[in-house]
Amino acid sequence: MDLKSKIAVYQDFPKAGISFKDINSLIADGDAFRYVTDKFYDIAKALDVNIVCIPEARGYIFGSALAYKLDVGLVPIRKPGKLPGEVMAKSYTLEYGSNTVEIQKDAIRTGDRVLIIDDLLATGGTMKAAIDLVELLGGEVCGALFLIELTDLKGRETLKDYYVESLVKYNI
């Protein structure tokens, strides 16, 4: 399936100079959504994970379907102030700003084998922050999966110590 043809591209969003890759058109197509989920499953089943972590917000879309299909637990990584209880936080930079993500301190146990999935790999900041949180809690990150990779932003270099896979690559 030609996944690029299913992804809408918006120039100068959310600010001038950004070419935004919008997955809404892909996930609205049931066949394309199923195809992506099945591709992620084919990759993930060999990693022997027991937890899928999903960074807010578009990681939720693919990660939830994948965790269900793998029959494993699901752990959200959210923006500050969205999770109850004790949390750990990590700040990071992204291609057009900065942010912070949090995870509940009891969400990952020592020895958990974790797969982190998100829609987009740009600079790698969001994923590296998620990886750091999982590892601080004692989890082993088995891989990072993405629908889209913006290769010119070299996020893969930020994640060079981890297994990384993306289904669609763009040069920006």
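Here are some questions and answers about how the contacts and the sheet in this predicted model get their names.

Residues are numbered from 1 along each chain as its sequence is written, and side-chain values use heavy atoms, with hydrogens and water left out. Because the model is predicted, local features need pLDDT of at least 70 and side-chain atom pairs count only at pLDDT 80 or more, while totals for chains, interfaces and linings use all residues.

Q: Why do Cys53 and Cys142 not form a bond?
A: A disulfide is a covalent bond between the sulfur atoms of two cysteines. The cut-off used here is a pair of cysteine sulfur atoms within 2.5 Å. The sulfur of Cys53 has its closest cysteine sulfur in Cys142, at 11 Å, which is too far for a bond. Seen from Cys142, the closest cysteine sulfur is that of Cys53, again at 11 Å. The disulfide count is therefore zero by this rule.

Q: What makes Cys53 and Cys142 buried?
A: Buried means under 20% relative accessible area, exposed means over 50%, and partly exposed is in between (1.4 Å probe, protein chains only). Cys53 has a value of 0% and Cys142 one of 11%, so both fall under the 20% limit.

Q: Why is the contact of Asp42 and Lys45 called a salt bridge?
A: The term asks for a side-chain nitrogen of Lys or Arg within 4 Å of a carboxyl oxygen of Asp or Glu. Asp42 and Lys45 have an N to O distance of 3.8 Å, so the pair qualifies. Asp42, at 43%, is partly exposed, and Lys45, at 48%, is partly exposed too. By this rule the model has 13 salt bridges.

Q: How do you know that Glu140 and Arg113 form a salt bridge, and what does the pair tie together?
A: Their closest N and O atoms are 3.2 Å apart, which is within the 4 Å limit. Glu140 lies in strand β8 (residues 140–150) and Arg113 in strand β7 (residues 113–121), so the pair ties together parts that are 27 residues apart in sequence. Helices (H or I, at least four residues) and strands (E, at least two) are DSSP runs, numbered from the N terminus. Glu140 is partly exposed at 42%, as is Arg113 at 25%. Arg113 and Glu140 also belong to a network of salt bridges with Asp48.

Q: Is Glu149, which meets Arg156 in a salt bridge, buried or exposed?
A: Glu149 is buried, with a relative accessible area of 5%. Arg156 is partly exposed at 33%. The N to O distance of this salt bridge is 2.7 Å.

Q: What makes Phe13 and Phe20 an edge-to-face pair?
A: A pair of aromatic rings is described by the distance of the centres and the angle of the planes. Rings of Phe, Tyr and Trp (its six-membered ring) pair if their centres lie within 6.5 Å; planes under 30 degrees apart count as stacked, over 60 as edge-to-face and the rest as tilted. The whole structure holds three aromatic pairs. In one of them, Phe13 and Phe20 are 5.2 Å apart centre to centre, with 85 degrees between the planes, so the pair is edge-to-face. Phe13 is partly exposed at 44%, whereas Phe20 is buried at 16%.

Q: Why is the pair of Phe40 and Phe62 edge-to-face?
A: The ring centres of Phe40 and Phe62 are 5.8 Å apart and the planes are at 75 degrees, so this pair is edge-to-face. Phe40 lies in helix α2 (residues 30–44) and Phe62 in helix α3 (residues 59–70), so the pair ties together parts that are 22 residues apart in sequence. Both Phe40 and Phe62 are buried. Ring pairs link these two residues with Phe33 into a cluster.

Q: How do you know that Lys4 lies over the face of Tyr170?
A: A charge sits over a ring if NZ of Lys or CZ of Arg is within 6 Å of the ring centre and within 35 degrees of the ring normal. Lys4 lies over the face of Tyr170 at 4.7 Å from the ring centre, and Lys21 lies over the face of Tyr170 at 5.0 Å.

Q: What makes β4 and β9 edge strands?
A: Two strands pair if DSSP finds at least two bridges between them. The open sheet has five strands in the order β4-β3-β7-β8-β9, with parallel pairing. The strands β4 (73–77) and β9 (164–170) each pair on one side only.

Q: Why do β3 and β7 count as paired?
A: Three bridges join strand β3 (residues 51–55) to β7, so the requirement of at least two is met. One residue to look at is Cys53, whose bridge partner in β7 is Ile116.
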